[in-house]
Every structure is written in structure tokens, then in C-alpha cells.
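Subject: Handing over a structure

Dear colleague,

I am passing on the structure below, together with an account of what was found in it. Please have it open beside you as you read.

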Amino acid sequence: MSLNKQKYRAFKTLLEQLRADISSNLTNASELRQGMASLQSFFRADIVPLTTQYPTEQSYQTEISKQLRLLQIDIMFFQGARQASTIKGRIDALSERLTTLIGYCDAILKMDKVADDNEKLK
């Protein structure tokens, strides 16, 4: 398994854990900020320095970076929500954003799988 694949799988696991915590209402704003800090530090330290293997991988990294910034804004909006309906809407937005990020990781991992399959055929 390539280093890139390991890093993206670890990042995807962090994203899935945060989404599961949000879905089960186990998080408060403080925990969300901590989870966000973990995601950002992992992304900066472990994903950004990776050498991209495919032309579209860099595009996905750029999108992931953008979505992480938007996720941070979503967390600020969640923190300011007071009414139950607004809180639910913010939680739904957070979950959707995390699903998008997980989808980007899946797309990158799929590129890696296609390359692995092509190598096996040679």
C-alpha cells in the first residue's frame, strides 16, 4: 500500500469519525473545534506535502482545502445557533460538508486503486 493511500485512508477515518460524532449528537462546539483542528493539522502535515501521483489529485487537494475552510465556517455558524431548528440545520450542513470531503478522499483512493489494478495487468 502506498504512503499516499495510507495518508488518505487515515484522513478519511478522521472525517468519518467526526461525521459519526455529529450524527449521534455527541459533539458540542468545543469538541467540533478540536476535531476541526485535528483535521486541519493532519491535512497540512500529512496530505499537503505528499507528491501527487495523478493530475487530478492536486485538484482534489485544492478542493479539500477549500471544503475544510468552509467546514470551519459551518462550525462557527453552529456555535452561534440557538434555536433547535437552526441547530439541526447547522448539523445537517456539517454532515453534508464532511460527506463531500469523504467523497473526495474516496475519489483519490479510487485513482490509486485503478493504478494498482493497471500495474497488476502488466
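Lys-88 and Asp-92 are four residues apart in helix α4, so about one turn of the helix separates them. They form a salt bridge in which the closest N and O atoms are 3.0 Å apart, and Asp-92 is partly exposed, with a relative accessible area of 33%. Please bear in mind, here and in what follows, that this is a predicted model.

**Other salt bridges**

The structure holds six salt bridges. One of them joins Lys-66 to Glu-63, with 3.2 Å between the closest N and O atoms; both residues belong to helix α3, where they are three residues apart, about one turn of the helix. Lys-66 counts as partly exposed because its relative accessible area is 32%, and Glu-63 is likewise partly exposed, at 26%.

Another salt bridge is formed by Lys-7 and Asp-46, whose closest N and O atoms are 3.2 Å apart. This pair links distant parts of the chain, since Lys-7 sits in helix α1 and Asp-46 in helix α2, 39 residues apart. Both partners are partly exposed, but with values not far above the 20% below which a residue counts as buried: the relative accessibility is 22% for Lys-7 and 21% for Asp-46.

Lys-12 may also deserve your attention. This residue, in helix α1, is linked with Glu-16 and Asp-106 in a network of salt bridges. Is Lys-12 buried or exposed? With a relative accessibility of 18%, Lys-12 counts as buried, because the cut-off for that class is under 20%. If residues up to four places away in sequence are not counted, Lys-12 touches Ile-102, Cys-105, Asp-106 and Leu-109, so that its salt-bridge network and its contacts both include Asp-106.

**The nonpolar core**

In soluble globular proteins, nonpolar side chains tend to be buried together. In this model, the largest nonpolar core has 29 residues, and those with the most contacts inside it are Phe-11, Ile-64, Leu-68 and Leu-71. The elements that give two or more residues to this core are α1 (3-23), α2 (29-47), α3 (55-80) and α4 (84-121), and the largest share, ten residues, comes from α4.

Which residues does Phe-11 contact, leaving aside its neighbours within four places in sequence? They are Leu-39, Phe-42, Phe-43, Ile-47, Ile-64, Leu-68 and Cys-105. Phe-43, which lies in helix α2, is buried at 6% relative accessibility. On the same basis of leaving out residues up to four places away, Phe-43 touches Phe-11, Val-48, Pro-49, Gln-61, Ile-64, Ser-65 and Leu-68. Of these, Ile-64 is 21 residues from Phe-43 in sequence, and the two are 8.9 Å apart in space, C-alpha to C-alpha.

**Aromatic pairs**

The count comes to three aromatic pairs. The rings of Phe-11 and Phe-42 have centres 6.0 Å apart and planes at 10°, so this pair is stacked. With Phe-11 in helix α1 and Phe-42 in helix α2, the pair ties together parts that are 31 residues apart in sequence. Phe-11 and Phe-42 are both buried. The rings of Tyr-60 and Tyr-104, whose centres are 5.7 Å apart, have their planes at 55°, so this pair is tilted. Here too the link is between distant parts of the chain, with Tyr-60 in helix α3 and Tyr-104 in helix α4, 44 residues apart. The two tyrosines fall into separate accessibility classes: Tyr-60 is partly exposed, with a relative accessible area of 25%, whereas Tyr-104 is buried, at 18%. Ring pairs also link Phe-11, Phe-42 and Phe-43 into a cluster.

**A nonpolar patch on the surface**

The last feature concerns the surface, where Ile-73, Met-76 and Phe-77 form a nonpolar patch with about 300 Å² of accessible area together. Within this patch, Met-76 lies in helix α3 and counts as exposed because its relative accessible area is 53%, the cut-off for that class being over 50%.

With best wishes

Methods: Residues are numbered from 1 along each chain as its sequence is written. This is a predicted model: local features need pLDDT of at least 70, side-chain atom pairs count only at pLDDT 80 or more; totals for chains, interfaces and linings use all residues. Side-chain values use heavy atoms; hydrogens and water are left out. A nonpolar core is a set of buried Ala, Val, Leu, Ile, Met, Phe, Trp, Tyr and Cys residues joined through side-chain atoms within 4.5 Å. Buried means under 20% relative accessible area, exposed over 50%, partly exposed in between (1.4 Å probe, protein chains only). Contact means heavy atoms within 4.5 Å. A salt bridge is a side-chain nitrogen of Lys or Arg within 4 Å of a carboxyl oxygen of Asp or Glu. Patches are made of residues with over 30% relative accessible area and no salt bridge: like charges are joined within 9 Å, nonpolar side chains (Val, Leu, Ile, Met, Phe, Trp, Tyr) within 5 Å. Accessible areas come from the Shrake-Rupley method with a 1.4 Å probe; for residues, only the protein chains shown count as cover. Rings of Phe, Tyr and Trp (its six-membered ring) pair if their centres lie within 6.5 Å; planes under 30 degrees apart count as stacked, over 60 as edge-to-face and the rest as tilted.
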